[in-house]
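Visitor: Could you walk me through this one and tell me why each label applies? I'd like the cut-offs along with the conclusions.

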Amino acid sequence: MIVTKQISLKTQGNCDIVDITPQVEQKLAETEINSGTAILFIAGSTAGISTIEYESGLVADFQRMWERNVPQGIPYDHDRRWGDGNGHAHVRASLLGASLVVPFTGRRLSLGTWQQIIVVDFDNRPRSRQVVMQIMGE
Amino acid sequence: MIVTKQISLKTQGNCDIVDITPQVEQKLAETEINSGTAILFIAGSTAGISTIEYESGLVADFQRMWERNVPQGIPYDHDRRWGDGNGHAHVRASLLGASLVVPFTGRRLSLGTWQQIIVVDFDNRPRSRQVVMQIMGE
Amino acid sequence: MIVTKQISLKTQGNCDIVDITPQVEQKLAETEINSGTAILFIAGSTAGISTIEYESGLVADFQRMWERNVPQGIPYDHDRRWGDGNGHAHVRASLLGASLVVPFTGRRLSLGTWQQIIVVDFDNRPRSRQVVMQIMGE
């Protein structure tokens, strides 16, 4: 059995990190599927998806890591060519990855106690985003 | 319903980035599956898989990020031990990841408009590569 | 057909890298599923999952990459706030990712010859870990 859902969210861009665990849980609860996997995919090339212990300290630490390793203030060919100013956002998104799978049993996601599902929006402006959630199971 | 396909490609190695979206779409079109998920996995330990806006500026920007963060010109125990000269390629591949999942509905992949599926071959020589594509759906 | 298994392991923490390929193969062999995908997810926010050529040189090279790019010895807001001393571990885990999918056919995982499945435990102390393995197929 396969059910496809859309999770819509608004972000501030600029490495905004949004906890989408409540939406994922809600979409799962809307189905009759007991056991299976939630497949999450973010459309777009300047955002990624992962998990984190969602507390403001770590949110800032994760943002700082991106600024250290894939800085905004260095030259990008993408910006030179297209003038978008978001070359760093694309590179970060490709490194983080666009997909995540989270199994569930007894209608409960197999997340750790301090583990939330996040969208990281690297773009240089506020964005509306769509996460495709596909629930496969029985 | 599950269908397994192989996508074969040749790369130049040395951080060659290959857009495999056309092959993924073609393999999907060969099936009768309407809605589901394309699971992509690259066999081998010196290549990875992700998505990017596939234009030459970003391809160069992504390659430069790898050279900055996981440089070729530093000592690797792997090279010291085995003389392969591709220690950096292994480390990059483990960081990027070997798998990606992309949902589809109405026989269309849920990619963003400017989002392509890529294989990044980090090895230090041209390679033939196999991507396993498994299509699960109904 | 969906089967859910648990892989339990003990780690040393501190970037301990554990090859779980034998356990994944054993759990797969316990099922009757011939062709499908093994979905792997690690619960917890200070460990991640990936693949590597599992030899001691690369294990050390991969650990060194983490120390270079997401160092232990810099200030983390998480540590300042909670005193856990494992801020770096959380950030590394979010970057590496908590999930991996590996297709299989003829009851054999589609891994490359020199490609093993690993859990990387970034936490700053020994831990007991649970990997949820979901096998979907027919």
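Guide: Let's start with naming: helices (H or I, at least four residues) and strands (E, at least two) are DSSP runs, numbered from the N terminus. Just after the run called α4(B), B:G97 takes a positive phi of about 105 degrees. Keep in mind that this is a predicted model, where local features need pLDDT of at least 70 and side-chain atom pairs count only at 80 or more, while totals for chains, interfaces and linings use all residues. Residues are numbered from 1 along each chain as its sequence is written, and chains are lettered from A and ligands numbered from 1 in the order in which they are written.

Visitor: What makes helix α4 of chain B count as mostly covered?

Guide: A residue is buried if 20 or more other C-beta atoms lie within 10 Å of its own, exposed if 12 or fewer, and partly exposed in between, with C-beta atoms placed from the backbone. In α4(B), residues 87-96, 10 of 10 residues are buried. Among them are B:H88, B:R92 and B:L95.

Visitor: And what covers the buried residues of α4(B)?

Guide: The cover includes β4, α2, α3 (77-82) and β7 (116-121) from chain B, along with β4 and α2 from chain C.

Visitor: How do you know which residues of chain C and chain B are in contact?

Guide: Two residues are in contact if their C-beta atoms, placed from the backbone, lie within 7 Å. By that test, 28 residues of chain C touch 26 of chain B. On the chain C side, α2(C) gives the largest share, 7 residues. That side splits into 12 nonpolar, 13 polar and 3 charged residues; Ala, Val, Leu, Ile, Met, Phe, Trp, Tyr, Cys and Pro count as nonpolar, Asp, Glu, Lys and Arg as charged, and the others, Gly among them, as polar.

Visitor: Where do α2(A) and α4(C) meet?

Guide: A:L58, A:D61, A:F62 and A:M65 face C:G87, C:H90, C:V91 and C:S94. By class that is 4 nonpolar, 3 polar and 1 charged. The helices pack at about 65 degrees with their axes 10 Å apart; axes are lines fitted to C-alpha atoms, for helices over the stretch in contact, and angles run from 0 to 180 degrees between N-to-C directions.

Visitor: Is the crossing of α2(A) and α4(C) left-handed or right-handed?

Guide: Right-handed. The near helix is turned clockwise from the far one by less than a right angle; anticlockwise would make a crossing left-handed.

Visitor: Why is the relation of the two copies called a three-fold rotation axis?

Guide: Copies are superposed by least squares on C-alpha atoms of residues with pLDDT of at least 70 in both. Chain B lands on chain A with an RMSD of 0.0 Å after a turn of 120 degrees and a shift of 0.0 Å along the axis. The two copies are therefore related as by a three-fold rotation axis. In chain B, B:N69 comes closest to that axis, at 4.0 Å (C-alpha).

Visitor: Why do the copies meet through different surfaces?

Guide: Because only 14% of the interface residues of chain B are also interface residues in chain A.

Visitor: What makes β2 and β4 of chain A edge strands?

Guide: Strands pair if DSSP finds at least two bridges between them. The open antiparallel sheet runs β2-β7-β4 in chain A. β2 (16-19) and β4 (47-52) each have a single partner strand, so one side of each lacks a neighbour. β2(A) and β7(A) share 4 bridges, including A:D16 with A:D121.
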